[in-house]
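Here are my comments on the aromatic contacts, set out as numbered points for you to check against the coordinates.

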Amino acid sequence: MSDSEGPRWDEDPLVATAEVQRLYDSDVPFFTKDRIREAYKSLQENNEPGKKAYTRDLDGKLKRFKIKTGEVFADPDDDSEWIGYPILYYVSIQHLLDQEWGWNSPYSNLRVVHRLERRDKPAEELDQRRKHESLQRAIDTWRDSQSWKHLKSTLSGVSIAPIKKLVAFALSSMRAFSDVPHDNRSLFQHALLMTLRDLLLENTAQGDDGIKCYAQDPAYSEHDIAVLQSCGVTVVPDPEGFLEVDEETVVISISPNVPVKQVVSEIARPALIIWDSIRGNGLEETPSTDPDSPRLQKWIAEHYETLEFPHEPELFGRIAVYVRHT
């Protein structure tokens, strides 16, 4: 749900779309830490009902959004009520250029929307202790798996730049350990995060500060946050995960609902990346929420070696490992 003040009447949509395409083809950065940081600061300073936060469009103009924190929205289908709270929203190049997609300006690739949560949200079914036990079981199972052994062997054969932090995106809320592999996706994705951190700590000299570990996902519950904190993982709100990413970072992102690949590739050049495999330029088919793009495809080809991730589609989907050239 978007809440801008309305369309920009000063632009012709077709002309604006052509200009955005020109900017993209000219390698003008579409996401920068400065723009993200500026929008985040505005949102923090104006996070009260009725106030207006702003983001900066690609042409430098400010776009203002009315804040509706705590406003209740009724669902006519089932009489449920939802409460909105504002978050930043990132728009892929595919959606910017799609005039039928619904954004009112092709220049607006960084926006404020309101995420909705049920007002009468049911109590979490899995308590903190059981969630921690499920995660530990997943970690133990993953450590003993041939897939983890294969991944360790793969990484041991390449040169990896110094690592000071890991940042994970969209690993989702953790469920109870299940006999159905697909239901364990979040548990094993977090197990990957922690075993990879431990491996890097074992194999590289990191200095006194060790390796910091961050996770960003609005789906985390209070129990998720507590369990992850007990495992040495700091949960951060959007966009702090993006702002942490730099050249000494490992990025893990699996099937996110935002264009993580396009954002990360614009703001940094991480040392190691594990995310959905890049299979084209992203223009041939209906874009996903985290689509590939021509610029991303070129960026990977120029700066990274692509390595195979063990075949575990039920747990990780189709992901790959990208190691930056050293």
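The points below take up the ring pairs, the burial of their members and one charge over a ring.

1. This is a predicted model, and the points that follow should be read with that in mind. In the structure there are 9 aromatic pairs, of which two are described here in detail.

2. One of the pairs is formed by F169 and F242, whose ring centres are 4.7 Å apart with 25° between the planes, and the pair is stacked. Because F169 belongs to strand β6 (residues 165-169) and F242 to helix α8 (residues 240-244), this contact ties together parts that are 73 residues apart in sequence. Both F169 and F242 are buried.

3. Another pair joins F177 and F188, with centres 6.0 Å apart and planes at 50°, so this pair is tilted. F177 sits in the loop between β6 and α6 (185-203), while F188 is in helix α6, so the parts tied together here are 11 residues apart in sequence.

4. The two members of that tilted pair should be considered separately as regards burial. F177, with a relative accessible area of 21%, is partly exposed, because the buried class requires a value under 20%; F188, with a relative accessible area of 6%, is buried.

5. The stacked pair of F169 and F242 should also be viewed in its wider setting, since ring pairs link F31, Y90, F169 and F242 into a cluster.

6. Finally, a charged side chain deserves a look alongside the ring pairs: R295 lies over the face of Y24, at 4.3 Å from the ring centre.

Conventions:
Residues are numbered from 1 along each chain as its sequence is written. This is a predicted model: local features need pLDDT of at least 70, side-chain atom pairs count only at pLDDT 80 or more; totals for chains, interfaces and linings use all residues. Side-chain values use heavy atoms; hydrogens and water are left out. Rings of Phe, Tyr and Trp (its six-membered ring) pair if their centres lie within 6.5 Å; planes under 30 degrees apart count as stacked, over 60 as edge-to-face and the rest as tilted. Helices (H or I, at least four residues) and strands (E, at least two) are DSSP runs, numbered from the N terminus. Buried means under 20% relative accessible area, exposed over 50%, partly exposed in between (1.4 Å probe, protein chains only). A charge sits over a ring if NZ of Lys or CZ of Arg is within 6 Å of the ring centre and within 35 degrees of the ring normal.
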